[in-house]
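Me: I would like to go through some of the labels given to this protein, asking in each case what justifies the word that is used.

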Amino acid sequence: MTRVVLVGTLLAVRIGLAANLVQNGGFSSCENGKLPKGCRSEDGVGVSLETENLTWNRCLRIACSREYTNATSGVVSWSGSAFMGAADKLGFPVEPLKTYDASVDLRGECGVRVKVAATFWKGECRNWEDRVDVPVGEGVVRPGKDWRTICGKVRAPEGAKLAAMRISFYGSTAKGCNRTKVGDWVLADNFKFELSRKNLGVSADDVGADLPLRKAISTCDPVPVTDFLDLKTLKKYLP
């Protein structure tokens with residue numbers, strides 16, 4: 001009986017920790033070319049569903065589409081961003097002070113600096129006033145022509161209630177600023193935000209290997225899986 005209870009407990013832990021809080025983070029079930037309901041941009045423009053040529057892989061396209069000029073300094077700025085959160089709120093529910101595993105695949109124009117973050121909302125969960133950004137992995141990266149997985153552990157701040165993954169980039173004519181401009185873009189795919197095993201002090205050996213649900217091979221743990229490979233990752237194994 002003890003053994004049955006133990007196995008059941010570990011299975012429950014495994015399932016609970018494997019749950020991806022980002023709904024349809026791989027965009028495979030988007031209907032009629034529409035984005036998932038939890039996907040939105042900062043200002044309502046510049047975000048669209050993309051289907052890659054040759055592979056037919058569906059992913060998110062984030063374009064730098066907003067331009068504005070500072071009336072005082074004359075500095076011209078550009079920006080683009082996207083959130084992957086929840087359909088009816090700013091983000092999905094999270095627990096404060098818990099550790100989460102976050103990851104996303106990126107591909108884009110060389111030279112464009114992209115910020116990858118987990119955005120948390122605390123207290124009243126007002127969009128700007130109660131918002132905290134926590135970098136994922138390196139925080140700021142330069143995506144290239146090939147897909148690359150950005151991943152890292154993030155800790156929800158005290159009082160956190162909601163969270164979403166955020167991809168953003170910014171450019172300006174100001175001295176020393178990134179020269180991102182209108183028309184620059186980045187592709188994002190396979191958003192994941194999962195409760196980390198670290199919270200329970202359970203090792204991977206105790207719980208068992210992850211269920212084979214990944215759409216692409218993560219560069220954080222580059223071990224080929226045998227159940228399914230997305231074409232964008234399969235091509236690097238071909239002659």
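Reply: What follows concerns a predicted model, taken label by label.

Me: Why is Ile62 called buried?

Reply: Ile62 has a relative accessible area of 0%, and buried means under 20%, so the residue meets the criterion. Ile62 is found in strand β3, and, leaving aside its neighbours within four places in sequence, it is in contact with residues including Gly46, Ser81, Ile167, Phe169 and Trp185.

Me: What makes β3 and β12 a pair?

Reply: Two strands pair if there are at least two bridges between them, and β3 and strand β12 (residues 185-195) have four bridges in the antiparallel sense, so the condition is satisfied. Within this pairing Ile62 stands opposite Val186 in β12; the two residues are 124 residues apart in sequence, yet their C-alpha atoms are 5.4 Å apart in space.

Me: How do you know that β2 and β3 are paired as well?

Reply: Strand β2 (residues 47-51) and strand β3 (residues 58-63) run antiparallel and are joined by five bridges, whereas at least two are required, and therefore they count as a pair. One of the matches places Ser48 opposite its bridge partner Arg61 in β3.

Me: Why is Trp56 called exposed, and what is its phi?

Reply: Trp56 has a relative accessibility of 65%, and exposed means over 50%, so the label applies. Trp56 is placed in the loop between β2 and β3, and its phi is near 60°, a positive value in a residue other than glycine. Most residues other than glycine have a negative phi. In the hairpin of β2 and β3, with six residues between the strands, Leu54 also takes a positive phi, near 75°.

Me: Why is Leu97 called partly exposed?

Reply: The relative accessibility of Leu97 is 41%, and partly exposed lies between the limits of 20% and 50%, so this is the label that fits. Leu97 lies in the loop between β6 (92-93) and β7 (99-108), and its phi, near 65°, is positive.

Me: Why does Ser168 count as buried, given that its relative accessibility is 9%?

Reply: The limit for buried is under 20%, and the 9% of Ser168 falls under it, so the residue counts as buried. Ser168 is found in strand β11, and, leaving aside neighbours within four places in sequence, its contacts are Gly80, Ser81, Arg113, Val114 and Lys115.

Notes. Residues are numbered from 1 along each chain as its sequence is written. This is a predicted model: local features need pLDDT of at least 70, side-chain atom pairs count only at pLDDT 80 or more; totals for chains, interfaces and linings use all residues. Side-chain values use heavy atoms; hydrogens and water are left out. Helices (H or I, at least four residues) and strands (E, at least two) are DSSP runs, numbered from the N terminus. Buried means under 20% relative accessible area, exposed over 50%, partly exposed in between (1.4 Å probe, protein chains only). Contact means heavy atoms within 4.5 Å.
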